[in-house]
Amino acid sequence: MPSRIEDAADPRVVDYVGLTDVALRRRTEPERGLYIAESEKVIRRALAAGHRPRSYLMAERWLAELADVVERAEADGIPVFVGDHAVIERLTGFHLHRGALAAMHRPTVPTVAETVHGARRVLVLEDIVDHTNVGAVFRSAAALGMDAVLVTPRCADPLYRRAIRVSMGTVFQVPWTRIDPWPAGVETLRGLGFTTAALALEGESTSLDELAADPPERLALVLGTEGDGLSRRTIAAVDLTVRIPMGGGVDSLNVAAAGAVAAWALRVRDGSR
């Protein structure tokens, strides 16, 4: 039977404390080997990807919506905690609109070679620090045919709660890992048969239309951080730079929007997927 939580200080639900404190979660989640999945859809996608739950926390009405998940958890000895919205809000620091949370064990991070094995289109996220943008890029990658995503050491965590939520759980669908060190990792990708291209505002860059007209067989497209864009070292290391032609006096797009445009233009179209 689910256990009722009456006190936000209950030590059994310490995994869920203070989820709005970004700095705290980024510091503690990797050390404790957990991440938080929020909403029925995201929880189900995490489970479908083979991720293992540590516990569940939900408002009572979600016991029916997630009845099969609760039944499986109870059979496996995984705690299910139920509480009033007010208690959950005091515990987590935010109003739980989507009704359910799961503390999940972090999966083992694969190598770059394992992640891109068989891939033809890869996105590399360099130092993107906004979790919303990271989640949006993953959602576009899933929808528009990217085979994998690589994130640099200083990029925000794709398994942070907001990134997972914005991605609609596609962070569990698209293969990903960290590429470290960076930009030395450009040579790793080149050794794996990838042409590397940086999406950047460079005078000598190739237009996206030109690249899409005759794309390489295997392409890793690097997207830069918000504001400053890609580092000069990265631009010097890659095989080519690419720009999206702009109009209306606009010089650039948000990184998630730019990634979506580029992913659509560069998708594999030969029907071999």
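Buried, here, means under 20% relative accessible area. Keep that cut-off handy, and remember that this is a predicted model.

**Exercise 1. Work out whether Ala262 is buried or exposed, and find its surroundings.**

Step 1: Find the residue. Ala262 sits in helix H12.

Step 2: Apply the cut-off. The relative accessible area of Ala262 is 0%, so this residue is buried.

Step 3: Look for contacts. Leaving out residues up to four places away in sequence, Ala262 touches Leu199, Leu208 and Leu221.

Step 4: Try a pair. Between Ala262 and Tyr160 there are 25 Å from C-alpha to C-alpha, and they are 102 residues apart in sequence.

**Exercise 2. Describe the largest nonpolar core and say which helix gives the most to it.**

Step 1: Start with the members. The core has 55 residues, and those touching the most other members are Tyr56, Met58, Leu125, Val149 and Leu223.

Step 2: Pick the helix. H12 (residues 255-266) gives the most to this core, with seven residues.

Step 3: Check for a second core. Another one, of 19 residues, lies apart from it and includes Val112, Val122, Leu189 and Ala200.

Step 4: Zoom in on Val149. Not counting residues up to four places away in sequence, Val149 touches Leu123, Leu125, Phe138, Ala141, Val174, Pro175, Trp176 and Thr177.

**Exercise 3. Show on which side of helix H5 the buried residues lie, and what covers them.**

Step 1: List them. H5 (residues 85-92) has Val87, Ile88, Leu91 and Thr92 buried.

Step 2: Use the arc. These residues cover only 115° around the axis, so they are on the same side of H5.

Step 3: Find the cover. It includes strand S3 (53-58) and strand S5 (100-105).

Step 4: See what follows the helix. Next after H5 is Gly93, with a positive phi near 95°.

**Exercise 4. Find out which charged side chain is nearest to Glu126 with the opposite sign, and how far away that is.**

Step 1: Locate Glu126. This residue is in the loop between strand S6 (121-125) and helix H7 (131-143).

Step 2: Check the distance. The nearest side chain of opposite charge is Arg154, 6.8 Å away, and Glu126 is buried without a salt bridge.

Step 3: See what else is there. Beyond its neighbours within four places in sequence, the contacts of Glu126 include Thr152, Trp182, Leu223 and Thr234.

**Exercise 5. Lay out the five-stranded sheet and name its edges.**

Step 1: Write the order. The open sheet runs S1-S4-S3-S5-S2, with mixed pairing.

Step 2: Read off the edges. Strand S1 (3-4) and strand S2 (34-38) each have a single partner strand, so one side of each lacks a neighbour in the sheet.

Step 3: Look inside. S3 and S4 (residues 80-82) run parallel and are joined by three bridges. Leu57 stands opposite Phe81 in S4.

How values were computed. Residues are numbered from 1 along each chain as its sequence is written. This is a predicted model: local features need pLDDT of at least 70, side-chain atom pairs count only at pLDDT 80 or more; totals for chains, interfaces and linings use all residues. Side-chain values use heavy atoms; hydrogens and water are left out. A nonpolar core is a set of buried Ala, Val, Leu, Ile, Met, Phe, Trp, Tyr and Cys residues joined through side-chain atoms within 4.5 Å. Buried means under 20% relative accessible area, exposed over 50%, partly exposed in between (1.4 Å probe, protein chains only). Helices (H or I, at least four residues) and strands (E, at least two) are DSSP runs, numbered from the N terminus. Contact means heavy atoms within 4.5 Å. The arc is that of the directions from the helix axis to the C-beta atoms. Lys and Arg count as positive and Asp and Glu as negative; His and the chain ends are not counted. A salt bridge is a side-chain nitrogen of Lys or Arg within 4 Å of a carboxyl oxygen of Asp or Glu. Two strands pair if DSSP finds at least two bridges between them.
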